[in-house]
Amino acid sequence: MTTDALRADLLAAIDSATTLEALEALRVTALGKSGSVTLFMKSLGGMDAEARLLIAPVFQALREAVATAIEAKKTALEAAALAARLASEQIDLSLPAAQSPRGSVHPISQVMDELSEIFADLGFAVAEGPEIEDDWHNFTALNIPPEHPARAMHDTFYVRREDGEGERMVLRTHTSPVQIRTMMGQKPPIRIIAPGRVYRSDSDATHTPMFHQIEGMVIDRGIHLGHLKWTLETFLKAFFERDDIQLRLRPSYFPFTEPSVEVDVGYSIVNGSRVIGGADGWMEVLGSGMVHPRVIANCGLDPAEWQGFAFGTGVDRLAMLKYGMDDLRAFFDADFRWQRHYGFSALDVPTLSGGVGA
Ligand code: DAH
């Protein structure tokens, strides 16, 4: 075969190769050790010098042309393969506008977002702690020593340690241990809220073994009960989106606060059901008080220099009061119909300007 015919054959074959494997096979038949082009090159060895001088550039040009065509085809096939892969792995991140979104945000998540938005506006940061907590953070540091009767009120779940050694672990019974972790982990002034899951061995229409609380704490110089009252009033007005919220502070007892107050909010009866606002009756909504000096000292701070207030309340209960659910257990049933009725749109991000729950 002449070099011209071979060149035409090879270039046509290269052009019609559809896969990288077929192209590689072609490369071997043409340029491999005993490939057709290589054989031409090898034949130069048997020629006399004059003929070789004449023929060599022709053979070299053939080899060049074939190698260049293979390279170009290879680049094209690789680009096509990449384009096909990118097209097949593409994800459409846009929401289908014509179709209503299927999922919805659970009221507890929504209320936690609302609370975070309200307190962020007041300069509070969100703090976290572990759900499997040690006895010291959950109780002792909060001025609930072993054998203290308050421990019995918590119906604690204990966690067995595999090594059987060290401190006893519990599923945290409240979000208050986050107070301790925060005071030990950062310097005052401190303003935090800590929303999260808590656990108690209790189950009926108004109690579930896992539920949600939110803790709040301020530690600074010169903090007094007036700051607590203003903060709670501002928070509850923003949360329930009403200006006529009335608070009643009742003396109470918590081991980690002194003095301690329980906070009731006034409700009125509208068409036979309770609505927050007014003062036809009172409903307890949170526990709070001035952080006990002993708790501040347990965290390595000087109670003569630093004071603060704290409060804690149930997120589930706040959600029920605001959005009118009456059975706590439904929150955890994962019933799609309930969720569709009470859930929120993923696009409904709470903002203060829009009304947090709007
Ligand atoms: N930890 C309390 C509970 O679970 C709630 C509570 C009361 C938290 C008073 C506080 C507080 O921070 O000051 O019942």
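**Notebook: ligand site, pockets, domains**

Started with the ligand: 15 residues sit around it, and the nearest are His174, Ser176, Arg200, Gln213 and Glu215. Note to self: this is a predicted model.

Next I looked up the polar contacts to the ligand. Ser176 has a polar side-chain atom 3.0 Å from a ligand nitrogen. For the ligand oxygens I found two entries. Gln179 puts a polar side-chain atom 3.1 Å from an oxygen atom of the ligand. Gln213 has a side-chain N or O atom 3.0 Å from a ligand oxygen.

How much of the ligand does the protein cover? I get 89% of the 350 Å² of accessible area that the ligand has on its own.

Then on to the pockets. The largest pocket comes out at about 1,100 Å³. It is lined by 42 residues, and those closest to its centre are Arg200, Phe211, Gln213, Glu284 and Gly314. I recognised two of these names from the ligand list: Arg200 and Gln213 are among the residues that come nearest to the ligand, and both are also among the closest to the centre of this pocket.

I wanted to know which elements build the lining. Those giving two or more residues to the largest pocket are helix 7 (149-152), strand 6 (210-220), strand 7 (247-254), strand 8 (257-270), strand 10 (281-291), strand 11 (307-314) and helix 11 (315-323). Which of them gives the most? That is strand 10, with 6 residues.

I also checked the chemistry of that lining: 17 residues are nonpolar, 15 polar and 10 charged.

The second largest pocket has a volume of about 280 Å³. I count 13 lining residues there, with Arg274, Met320, Leu321, Lys322 and Gly324 closest to the centre. Strand 9 (273-276) and helix 11 are the elements that give it two or more residues. Helix 11 is thus a name I had already written down, as it also gives two or more residues to the lining of the largest pocket. By type, the lining of the second largest pocket splits into 8 nonpolar, 1 polar and 4 charged.

Last, the overall layout. The domain assignment gives domain 1 as 3-88 and domain 2 as 107-342. How far apart are the C-alpha centres of the two domains? I have 77 Å written down for that. Going back to my ligand list, His174, Ser176, Arg200, Gln213 and Glu215 carry numbers that fall in the range of domain 2.

Terms used
Residues numbered from 1 in each chain as written. Predicted model: local features only at pLDDT ≥ 70, side-chain atom pairs only at ≥ 80, totals over all residues. Heavy atoms only, no water. Domains from an automatic or database assignment. 1 Å grid on protein atoms, 1.4 Å probe; cavity = no way out; pocket = protein on both sides within 12 Å on 5 of 7 lines; lining within 4 Å. Points joined across faces, edges and corners; volume = space filled by probe spheres on them. Helix = DSSP H or I, 4+ residues; strand = E, 2+ residues; numbered from the N terminus. Nonpolar A, V, L, I, M, F, W, Y, C, P; charged D, E, K, R; others polar. Near = heavy atom within 4 Å. Polar contact = N/O pair within 3.5 Å; in protein donor to acceptor, adjacent residues only side chain to side chain. Areas by Shrake-Rupley, 256 points an atom, 1.4 Å probe, with all protein chains shown as cover.
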